[in-house]
Amino acid sequence: KLVKVCTDTDRWSLISLSNKSGKNMELKFVDSVRRQFEFSVDSFQIILDSLLLFGQCSSTPMSEAFHPTVTGESLYGDFAEALDHLRRRIIATRSPEEIRGGGLLKYCHLLVRGFRPQPGTDARALQRYMCSRFFIDFPDLVEQQRTLERYLEAHFSGADSARRYACLVTLHRVVNESTVCLMSHERRQTLDLIAMLALQALAEQGPAAAAALARRPPGPDGVMPATVSYYVTPVQPLLARAHSYPTWLPCN
């Protein structure tokens, strides 16, 4: 996948590579962007300025003994701390309300991969910020469905339906527990949408997954490392796609 963004404030491009087993690697080339990271574990950057300017500053060709220095940094602020978060699978961020979509989908994806909120973090408050920003940026069902489907397509290959299902179940739980700025019927519409996508992912796993789903109780945190262990709470049928409803109300 290749994404290019060029606006008055943001100029960057993204190359996303994935294989048949669902492994994903993203290379993001940034000239300028308002918010350059979502969580500490994705805040690392390699500064290429010296490499790009080398030809203008030196007539001597690069070699193993003569080459510019390339540095790395963490936009989270503390490189060592961010690296420790990555090694220990810790979720930490700053001002989630400034992230487009609140970082909600990435947060649920990290939970499925075994990451956990930083000790001492009020996880419920963090999730409320994320949910509120998500519904500000994607206020109706059509936008929400398009955003969800694009994220799933970019991060989960067709053969990775088990983790796609786990991510959607985790998202369903977080939205159900932490959404405070929606009316009850609007919240239910969004939960219906997530449940529908989760059931589609479950169906792709075949009859064995459905049988495992019936035998095993729901997990406590939505993590599903290898097998189906979770369920989607029964919900009312999803409204027709042709209808688009605003789903965010001011908290004041």
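In what follows, Ala, Val, Leu, Ile, Met, Phe, Trp, Tyr, Cys and Pro count as nonpolar, Asp, Glu, Lys and Arg as charged, and the others, Gly among them, as polar. The exercises concern a predicted model.

**Exercise 1. The lining of a cavity**

Task: Determine which classes of residue line the second largest cavity.

Solution.
Step 1. The second largest cavity has a volume of about 50 Å³.
Step 2. Its lining consists of L105, C108, L148, Y151, L152, C167, L168 and L171.
Step 3. Leu, Tyr and Cys are all in the nonpolar class. The lining therefore has eight nonpolar, no polar and no charged residues.
Step 4. At least two lining residues come from each of the helices α3 (104-112), α5 (141-155) and α6 (161-178).

**Exercise 2. The nonpolar core**

Task: Identify the residues with the most contacts inside the largest nonpolar core, and the element that gives the largest share of this core.

Solution.
Step 1. The largest nonpolar core has 38 residues, and L104, Y107 and L171 have the most contacts inside it.
Step 2. Two or more core residues are given by each of α3, α4 (123-137), α5, α6 and α7 (184-203). The largest share, eight residues, belongs to α6.
Step 3. Leaving aside residues up to four places away in sequence, L171 touches L104, L105, C108, L148 and I194. L171 is also one of the residues that line the second largest cavity.

**Exercise 3. A salt bridge between distant parts of the chain**

Task: Find the partner of E98 in a salt bridge, and state whether each of the two residues is buried or partly exposed.

Solution.
Step 1. Side chains of opposite charge can pair when their charged atoms come close.
Step 2. E98 forms a salt bridge with R35, with 3.5 Å between the closest N and O atoms. E98 is in the loop between β6 and α3, whereas R35 is in the loop between β3 (24-32) and β4 (44-47), 63 residues apart.
Step 3. Buried means under 20% relative accessible area. R35 has a value of 17% and is therefore buried; E98, at 49%, is partly exposed.
Step 4. E98 touches R133 as well as R35. The C-alpha atoms of E98 and R133 are 8.0 Å apart.

**Exercise 4. A salt bridge within a helix**

Task: Explain why R133 and D137 are separated by about one helical turn.

Solution.
Step 1. The side chains of R133 and D137 meet in a salt bridge, with 2.7 Å from N to O.
Step 2. The two residues are separated by about one helical turn because they are four residues apart in helix α4.
Step 3. Both R133 and D137 are buried.

Terms used
Residues numbered from 1 in each chain as written. Predicted model: local features only at pLDDT ≥ 70, side-chain atom pairs only at ≥ 80, totals over all residues. Heavy atoms only, no water. 1 Å grid on protein atoms, 1.4 Å probe; cavity = no way out; pocket = protein on both sides within 12 Å on 5 of 7 lines; lining within 4 Å. Points joined across faces, edges and corners; volume = space filled by probe spheres on them. Core = buried A, V, L, I, M, F, W, Y, C linked by side-chain atoms within 4.5 Å. Buried < 20%, exposed > 50% of the residue type's maximum accessible area, 1.4 Å probe, protein only. Contact = heavy atoms within 4.5 Å. Salt bridge = Lys/Arg side-chain N within 4 Å of Asp/Glu carboxyl O.
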